[in-house]
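Q: Could you take me through the surroundings of the ligand in this protein, step by step? I am new to reading structures, so please link each part to the next.

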Amino acid sequence: MIRVDINVGDIVKKINISGQVKLHEPMSRHTSFKIGGPADIYTVPADEADIVLIAGVAQSEGVPLFVLGDGANILVSDKGIRGIVLDMSQFAAIQVKGQQLHCGAGAEISDAAEIAAQHALSGLEFIYKMPGSVGGALWMNARCYGQSISEVPGTVHYLDDMLDHQDLTLPDPRFAYKKSPFQGSRAVLLSLDLSLQTADQTAIWSRMQEVRDDRRRKGHFEYPSAGSVFKNNRNFGMPSGQILDELGLRGLRRGGAQIAPFHANIIINNGTASAEDVRDLILHAQELAYKKRNIVLEPEVRLVGDW
Ligand SMILES: Cc1cc2nc3c(=O)[nH]c(=O)nc-3n(C[C@H](O)[C@H](O)[C@H](O)COP(=O)(O)OP(=O)(O)OC[C@H]3O[C@@H](n4cnc5c(N)ncnc54)[C@H](O)[C@@H]3O)c2cc1C
């Protein structure tokens, strides 16, 4: 049973960790949208023992736990997040051993691609410059340029709902388009060991530059956003962005939020957007797509916190 009227003071006393604990931390500091109200208890564990303790307290106290990667795929409510946020940023080590790349879940997935390239290892070029952590990429089964992260051979190390260690070997048939077996569970992803291929370094860098330049051209880094708002679906017959475009939604504003003038499937924060502004645009787009085209658009961006 999840309690929402949590006694922050009592719970914080139980979180004796070597990492950091902050109260009422604004989530706008931790999301690519630069939006989001305060998290009741914001923790930055320093080691695995800290993670186990934090997750254990959340379970024994019956309060929600939200595991935060880089915050690049979430829209956090203006009212913030009740319960505990567990920030994985200290688990950012990346090590190379032969053709194996060991990545902490809090490492940037793009840094992993860059370090692989420095060692002439191929397999992660497609995901270069995609925002987000290794854990977030796995949880979301991030996909770009025709490839998903779960298609790269490797092993995911994680804590399951009972906080026991588990390994999952990739590829695994439970992953699908933007779906992973971790969604709907309380798993905390700890690290990923990837088996990459030795290849020509010039070719690796050249592919990475191509995808980086493509993202730049598409305006990905110009404004705060969370990338694509809606998932694509083959049954629609066209990308979700094109549907929204044809519905005339490009450029539409709500408060400080706007459907990007350069891409109808991206919502941007012009500097003053609230989470409500962004959500209004999401709901409006969904309503219109359903009314005019009988299409149910499924958000890819996760709405998190106290709505
Ligand atoms: C400019 C831009 C471009 C983008 N382009 C793409 C793209 O091409 N393809 C694509 O797929 N996405 C894209 N995205 C979205 C985003 O980059 C990905 O979804 C990314 O994988 C999110 O990672 P994150 O670490 O930021 O996850 P977060 O946003 O922090 O979290 C997302 C989910 O993962 C969970 N999670 C994160 N880490 C862990 C962990 N260690 N253990 C358990 N659960 C965890 C969180 O609880 C949450 O439910 C883009 C975003 C931006 C801003």
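A: Happy to! Let's begin right beside the ligand: of the 32 residues around the ligand, those that come nearest are Gly69, Gly132, Gly135, Gly136 and Gly227. Keep in mind that you are looking at a predicted model.

Which elements give two or more residues to this shell? They are strand 3 (65-68), helix 4 (134-140), strand 9 (143-144) and strand 13 (188-195). Helix 4 is a good one to find on your screen, since the largest share of the shell, five residues, comes from helix 4. Sorted by class, the shell around the ligand holds 18 nonpolar residues, eleven polar ones and three charged ones.

Now let's step back to the whole protein. The protein is divided into three parts: domain 1 (8-87), domain 2 (94-217) and domain 3 (234-304). Where does the ligand sit relative to domain 1 and domain 2? Both domain 1 and domain 2 give residues to the shell around the ligand, so the ligand lies between them.

That makes this pair of domains worth a closer look. Taken over C-alpha atoms, the centres of domain 1 and domain 2 are separated by 24 Å. The contact between these two domains takes eleven residues from domain 1 and eleven residues from domain 2. On the side of domain 1 that touches domain 2, helix 2 (residues 48-61) gives the largest share, with five residues. By class, that side of domain 1 divides into five nonpolar, four polar and two charged residues.

Methods: Residues are numbered from 1 along each chain as its sequence is written. This is a predicted model: local features need pLDDT of at least 70, side-chain atom pairs count only at pLDDT 80 or more; totals for chains, interfaces and linings use all residues. A residue is near a molecule or strand if its C-beta atom, placed from the backbone, lies within 6 Å of it. Helices (H or I, at least four residues) and strands (E, at least two) are DSSP runs, numbered from the N terminus. Ala, Val, Leu, Ile, Met, Phe, Trp, Tyr, Cys and Pro count as nonpolar, Asp, Glu, Lys and Arg as charged, and the others, Gly among them, as polar. Domain bounds come from an automatic or database domain assignment. Two residues are in contact if their C-beta atoms, placed from the backbone, lie within 7 Å.
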